[in-house]
Structures are given as C-alpha cells and as structure tokens.
Amino acid sequence: MVDVPTGQMVKLEQDLRKGVLVLAVLSQLRTQQYGYSLRQALADRGMPIEEGTLYPLLRRLESQGLLASQWQVDDGPPRRYYTLSTHGAQTYRELTGAWRSLTSVMDRLVDEEG
C-alpha cells in the first residue's frame, strides 16, 4: 500500500466536503440564522466552514431561490438572517433523499471486500 502525501490527502478530503456543503447548510437553515450563528452551528456538529466559503454559498443559494433573507437589528449590529424558502425546503427534502440513497450505495461499496 502506498501512503498518500499529506497535502494530497487534505485536498481529497476537501473535495469530499465540497459535495456535501450545500446539504449541510440547508439542513441548518430550517430555522432562521445569520452567518456567524450558522458557522457555529455547523462547526459544533463537526462541519466547520470558512467565511470565504460560507458567504458566497449563501448568496448563491439565495440567488437560486433556495433561501430567503432579511436584515434584522436586535441588540447589536444589523444582521442578515437566512432561512429556507418554500423551494429551498422542497429541495432540501429531495437532496436528503438523494443523500440517503448515495450513502447507502457508498456504504456497500466501501465495505465490499475485494
């Protein structure tokens, strides 16, 4: 067995994560959150995400009609809160089904002896 160089392994793991970030973000926006609280929620659940990745993703998902946002001023600076739109909630349900099917297939593939 050949060891994969550390830098290459990090890149491969990042590629895996990219494929699940949309679903991870949608899963946490079933309730309204602003950017920092969303980053914390994801990190607390084992899915840390950089600001430079999260904020462009939020803008893209909103432009695709998957998220709704609004500015709110509470005790502090104005914050943009995001939540799933109706279309986003439907997409989330569909992606969740696709994810479950995919993980089932992948479990069988990686557990296969060969």
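# Exercises on Salt Bridges, Sheet and Core

E62 has a relative accessible area of 22% and is partly exposed, a class that lies between buried (under 20%) and exposed (over 50%), for a 1.4 Å probe and protein chains only. The structure is a predicted model, in which local features need pLDDT of at least 70 and side-chain atom pairs count only at pLDDT 80 or more, while totals for chains, interfaces and linings use all residues. Residues are numbered from 1 along each chain as its sequence is written, and side-chain values use heavy atoms, with hydrogens and water left out.

**Exercise 1. Identify the residue with which E62 forms a salt bridge, and state where the two partners lie.**

Step 1. A salt bridge requires a side-chain nitrogen of Lys or Arg within 4 Å of a carboxyl oxygen of Asp or Glu. The partner of E62 is R80, and their closest N and O atoms are 3.4 Å apart.

Step 2. This pair links distant parts of the chain, since E62 belongs to helix α4 and R80 to strand β3, 18 residues apart. Helices (H or I, at least four residues) and strands (E, at least two) are DSSP runs, numbered from the N terminus.

Step 3. R80 has a relative accessible area of 30% and is therefore partly exposed.

**Exercise 2. Find how many salt bridges the whole structure contains, and describe those of K11 and R39.**

Step 1. The search of the whole structure finds three.

Step 2. K11 pairs with D15, with the closest N and O atoms 2.8 Å apart. Both residues lie in helix α1, four residues apart, or about one turn of the helix. K11 is partly exposed because its relative accessibility is 41%, and D15 is likewise partly exposed, at 36%.

Step 3. The side chain of R39 meets that of E51 at 3.2 Å, N to O. Here R39 in helix α3 and E51 in helix α4 are 12 residues apart, and the pair links distant parts of the chain. With 45% relative accessibility, E51 counts as partly exposed.

**Exercise 3. Establish the strand order of the open sheet, and place helix α4 relative to it.**

Step 1. Three strands form the sheet in the order β1-β3-β2, with antiparallel pairing; two strands pair if DSSP finds at least two bridges between them. β1 (33–34) and β2 (67–72) are the edge strands, each pairing on one side only.

Step 2. β2 and β3 (residues 79–84) run antiparallel and are joined by six bridges. L67 stands opposite L84, and A68 opposite T83.

Step 3. Helix α4 (residues 51–63) packs on the sheet and touches β2 and β3, its direction making about 115 degrees with that of β2. Such angles run from 0 to 180 degrees between N-to-C directions, with axes fitted to C-alpha atoms, for helices over the stretch in contact.

**Exercise 4. Describe the largest nonpolar core and the surroundings of L67.**

Step 1. A nonpolar core is a set of buried Ala, Val, Leu, Ile, Met, Phe, Trp, Tyr and Cys residues joined through side-chain atoms within 4.5 Å. The largest one has 20 residues, and L67 is among those with the most contacts inside it.

Step 2. α2, α3 (35–44), α4 and β3 each supply at least two residues of this core. The largest share, five residues, comes from α2.

Step 3. Beyond its neighbours within four places in sequence, L67 is in contact (heavy atoms within 4.5 Å) with residues including L26, L29, L58 and L61.
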